[in-house]
Amino acid sequence: MRELNYRFVGLQNYEPVQIQTEKVFEEAFLKKNSYFNMAVAEAVVNAAKYAMTGLSEAEVAIKVILTSNAITVRVSSKTIPFDAKSYQRQLRELANDPKYSKLEWGDYTGTTELSRGFWYMLQAVEYLVVAEDGSYVELSTKIPYEETRLDTSISFLVPKFLVDTGGVRG
């Protein structure tokens, strides 16, 4: 197992860290994985955007854990509280509704930016864990990266979204 840690203050200071982490990801995946890169970037933007100190003063931490067959990236900051459990319930209701379950997430959200970042993250991972209060997101997927057609249907993506309620993920 290999663990790498990065910290920066303010979204404007993310680029050098992004360059470093994307090199690590490419090495781990044995090729460029644009979906995962975009998902991590979305997590970082959200961490800064919803930080209690604001976009330019957000203290963001990124932890990368690499094993022989998986990569996990945790992005955290002190954010405005977010009820991840409630959001998960809303998404599960959507996934269980025959009217929406088979829709591609992009067809459902249309041109709105409503929760766009969550959908990008879910598309790129095996599972996404969000702290109950929204203070971190954890993106996990297998390595090496195998490029396949992504299933972006709501019923496929929503079950990947887990909430950490104090050490219990569900």
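Modeller: Before we start, a residue is called buried when its relative accessible area is under 20%, exposed when it is over 50%, and partly exposed in between. Please also keep in mind that this is a predicted model.

Biologist: With that in mind, how many of the nine residues of helix 5 are buried?

Modeller: Helix 5 covers residues 116-124, and its buried residues are Gly117, Phe118, Trp119, Met121, Leu122, Gln123 and Ala124. Helix 5 is therefore largely enclosed by the rest of the structure, the number of its nine residues that are buried being seven.

Biologist: Stepping back to the whole chain, what pattern does the protein chain follow along the sequence?

Modeller: The secondary structure of the protein chain comes to six helices and six strands. Read along the sequence, these elements follow the pattern β-α-α-β-β-α-α-α-β-β-α-β.

Biologist: What radius of gyration does the protein chain have, and why does it agree with a compact globule?

Modeller: The C-alpha trace spans about 45 × 35 × 35 Å along its principal axes. For 170 residues, a compact globule would have a radius of gyration near 15 Å, so the chain agrees with that expectation at its own value of 16 Å.

Biologist: Among contacts between residues at least 6 apart in sequence, what percentage join residues at least 24 apart?

Modeller: As background, buried residues make up 44% of the 170 residues in the protein chain, while its accessible surface comes to about 9,300 Å², with 51% of that belonging to carbon and sulfur atoms. For contacts between residues at least 6 apart in sequence, the share that joins residues at least 24 apart is 72%.

Biologist: Is leucine 139 buried or exposed, and at what relative accessible area?

Modeller: Leucine 139 is found in strand 5, and it touches residues including Phe36, Val40, Ile71, Val73, Met121 and Leu128, with residues up to four places away in sequence not counted. From Met121, a residue of the buried set in helix 5, leucine 139 is 18 residues away in sequence and 7.3 Å away in space, C-alpha to C-alpha. Its cover can be put as a number, because leucine 139 is buried with a relative accessible area of 0%.

Biologist: Which residues does tyrosine 35 touch, not counting residues up to four places away in sequence?

Modeller: Tyrosine 35 is found in helix 2, residues 34-49, and it is partly exposed, with a relative accessible area of 36%. Its C-alpha atom and that of methionine 121 are separated by 8.1 Å, although the two residues are 86 apart along the chain. With residues up to four places away in sequence not counted, tyrosine 35 touches Gln123, Ala124, Tyr145 and Leu150.

Biologist: Of the residues that line the second largest pocket, which are the closest to its centre?

Modeller: The second largest pocket has a volume of about 380 Å³. Of the 18 residues that line this pocket, the closest to its centre are Glu126, Thr141, Lys142, Thr148 and Leu150.

Biologist: By class, how many charged residues does the lining of the second largest pocket have?

Modeller: Helix 5 and strand 5 (136-142) each supply at least two residues of that lining. Sorted by class, the lining of the second largest pocket has eight nonpolar residues and four polar ones, and the number of charged residues is six.

Biologist: How many Å apart in space are glutamate 126 and lysine 160, C-alpha to C-alpha?

Modeller: Glutamate 126 lies in the loop between helix 5 and strand 4 (127-131), and at 42% relative accessibility it counts as partly exposed. Glutamate 126 touches Ser140, Thr141, Lys142 and Lys160, with residues up to four places away in sequence not counted. Glutamate 126 and lysine 160 are 34 residues apart in sequence, and their C-alpha distance in space is 6.4 Å.

Biologist: Which proline does a cis peptide bond join to isoleucine 143?

Modeller: The proline in question lies in the loop between strand 5 and helix 6. With omega at about 0°, the cis peptide bond joins isoleucine 143 and proline 144.

Biologist: What is the phi of leucine 30?

Modeller: Leucine 30 lies in the loop between helix 1 (15-29) and helix 2, and at 65% relative accessibility it counts as exposed. Although leucine 30 is not a glycine, it has a positive phi of about 70°.

How values were computed. Residues numbered from 1 in each chain as written. Predicted model: local features only at pLDDT ≥ 70, side-chain atom pairs only at ≥ 80, totals over all residues. Heavy atoms only, no water. 1 Å grid on protein atoms, 1.4 Å probe; cavity = no way out; pocket = protein on both sides within 12 Å on 5 of 7 lines; lining within 4 Å. Points joined across faces, edges and corners; volume = space filled by probe spheres on them. Helix = DSSP H or I, 4+ residues; strand = E, 2+ residues; numbered from the N terminus. Nonpolar A, V, L, I, M, F, W, Y, C, P; charged D, E, K, R; others polar. Rg over C-alpha atoms; globule rule 2.2 N^0.38 Å. Buried < 20%, exposed > 50% of the residue type's maximum accessible area, 1.4 Å probe, protein only. Contact = heavy atoms within 4.5 Å. Areas by Shrake-Rupley, 256 points an atom, 1.4 Å probe, with all protein chains shown as cover.
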